[in-house]
Amino acid sequence: MIRADRKLNSTDVLDALTDLFILRGPPEYIRSDNGPEFIAQKMRDWIAAVGAKTAYIEPGSPWENGYCESFNARFRDELLNGELFHSLREAQILIEQWRIRYNTVRPHSSLGYRPPAPESIVPMDLRPTMH
């Protein structure tokens, strides 16, 4: 899920990371820019407490996190530049719909023009029937 709100601070980032770490476990490193939400003392203390290390991107060096930069560019080009959100809830719904399509339908050239997590569809005639 992509968290969308009018403003996200270090507590919001910690909440999102906590959910992710519960699901997948903590990574060895967290790579981020030097934005205030990532360099806050509370954030640095939490990262150390979960056993991860920080790997900050040097200012003006977006290539140090190419995956994130590529995703952000697609997100902007394919959704944000073409939408005018009339409410926060509308933004959250449209962003989540885009994320699902991006992961399950949209072809990715780096994956041989396949989606990263294609939906599994069971044809109607193969579904179990109830007797």
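Five elements each supply at least two residues of the lining of the largest pocket: α1 (10-24), β1 (29-32), α2 (36-39), α4 (66-78) and α5 (88-104). That is a good place to start a walk through this chain, and please keep in mind along the way that the model is predicted. The pocket itself has a volume of about 2000 Å³. Its lining counts 46 residues, and those closest to the pocket centre are Met1, Ile2, Cys68, Phe71 and Asn72. If you would like to see which element gives the largest share, look at α1, with 9 residues of the lining. Sorted by class, the lining holds 25 nonpolar, 9 polar and 12 charged residues.

Now let us step back to the whole chain. Its secondary structure amounts to 5 helices and 2 strands. Reading from the N terminus, you meet the elements in the order α-β-α-α-β-α-α. The chain has 131 residues, of which 21% are buried. As for how the chain folds back on itself, take the contacts between residues at least 6 apart in sequence: 48% of them join residues at least 24 apart.

With that outline in hand, we can turn to the interior. The largest nonpolar core is made of 10 residues, namely Val13, Leu14, Leu17, Phe21, Ile30, Phe38, Met43, Trp46, Ile47 and Ala52. Both α1 and α3 (41-49) supply at least two residues of this core, and the largest share, 4 residues, belongs to α1. Helix α1 therefore deserves a second look in your viewer, since it gives the largest share of the pocket lining as well as the largest share of this core. Apart from this core lies another one, of 7 residues, including Ala4, Phe75, Ala91 and Ile95. Back in the largest core, Ala52 touches Pro27, Glu28, Ile30 and Ile47, when residues up to four places away in sequence are not counted.

Just before α1, you will find Asn9. With a relative accessible area of 37%, Asn9 is partly exposed, as it falls between the 20% and 50% limits. The C-alpha atom of Asn9 is separated by 8.8 Å from that of Phe38, a residue 29 places away along the chain. Phe38 is also one of the members of the largest nonpolar core.

Next, follow the chain to α5. How does the distance between the ends of this helix agree with its number of residues? Helix α5 has 17 residues, and at 1.5 Å a residue these should span 24 Å. The expected span is 1.5 Å times one less than the number of residues, which is why 17 residues lead to that value. The end C-alpha atoms of α5 are 24 Å apart, in agreement with the expectation.

Which residues of α5 are buried? They are Ala91, Ile95, Trp98, Tyr102 and Thr104. Part of what covers them is α4. Two of these names, Ala91 and Ile95, are already familiar from the 7-residue core. Elsewhere in α5 sits Glu90, which counts as partly exposed because its relative accessibility is 25%. Leaving aside neighbours within four places in sequence, Glu90 is in contact with Leu84 and Phe85.

The last stop is the segment after α5, and three of its residues are worth a visit. Val105 lies in this segment and is partly exposed, with a relative accessible area of 46%. Although Val105 and Pro118 are 13 residues apart along the chain, their C-alpha atoms are separated by 6.1 Å. Beyond its neighbours within four places in sequence, Val105 is in contact with Ile100, Pro115 and Glu119.

His108 has its place in the segment after α5 too. Is His108 buried or exposed? Its relative accessible area is 9%, so His108 is buried. Not counting residues up to four places away in sequence, His108 touches Tyr102, Tyr113, Arg114, Pro115 and Pro116. Tyr102 in that list is one of the buried residues of α5, and Pro115 is a contact of Val105 as well.

That leaves Tyr113, which also lies in the segment after α5. For the backbone-minded reader, Tyr113 has a positive phi of about 60°, although it is not a glycine. Tyr113 counts as exposed because its relative accessibility is 61%, whereas His108, which it touches, is buried.

Conventions
Residues are numbered from 1 along each chain as its sequence is written. This is a predicted model: local features need pLDDT of at least 70, side-chain atom pairs count only at pLDDT 80 or more; totals for chains, interfaces and linings use all residues. Side-chain values use heavy atoms; hydrogens and water are left out. On a 1 Å grid over the protein atoms alone, a cavity is a set of points where a 1.4 Å probe fits but cannot get out, and a pocket is an open set with protein on both sides within 12 Å along at least five of seven lines; lining residues have an atom within 4 Å of a point. Grid points are joined across faces, edges and corners, and a volume is the space filled by probe spheres set on the points. Ala, Val, Leu, Ile, Met, Phe, Trp, Tyr, Cys and Pro count as nonpolar, Asp, Glu, Lys and Arg as charged, and the others, Gly among them, as polar. Buried means under 20% relative accessible area, exposed over 50%, partly exposed in between (1.4 Å probe, protein chains only). Contact means heavy atoms within 4.5 Å. A nonpolar core is a set of buried Ala, Val, Leu, Ile, Met, Phe, Trp, Tyr and Cys residues joined through side-chain atoms within 4.5 Å.
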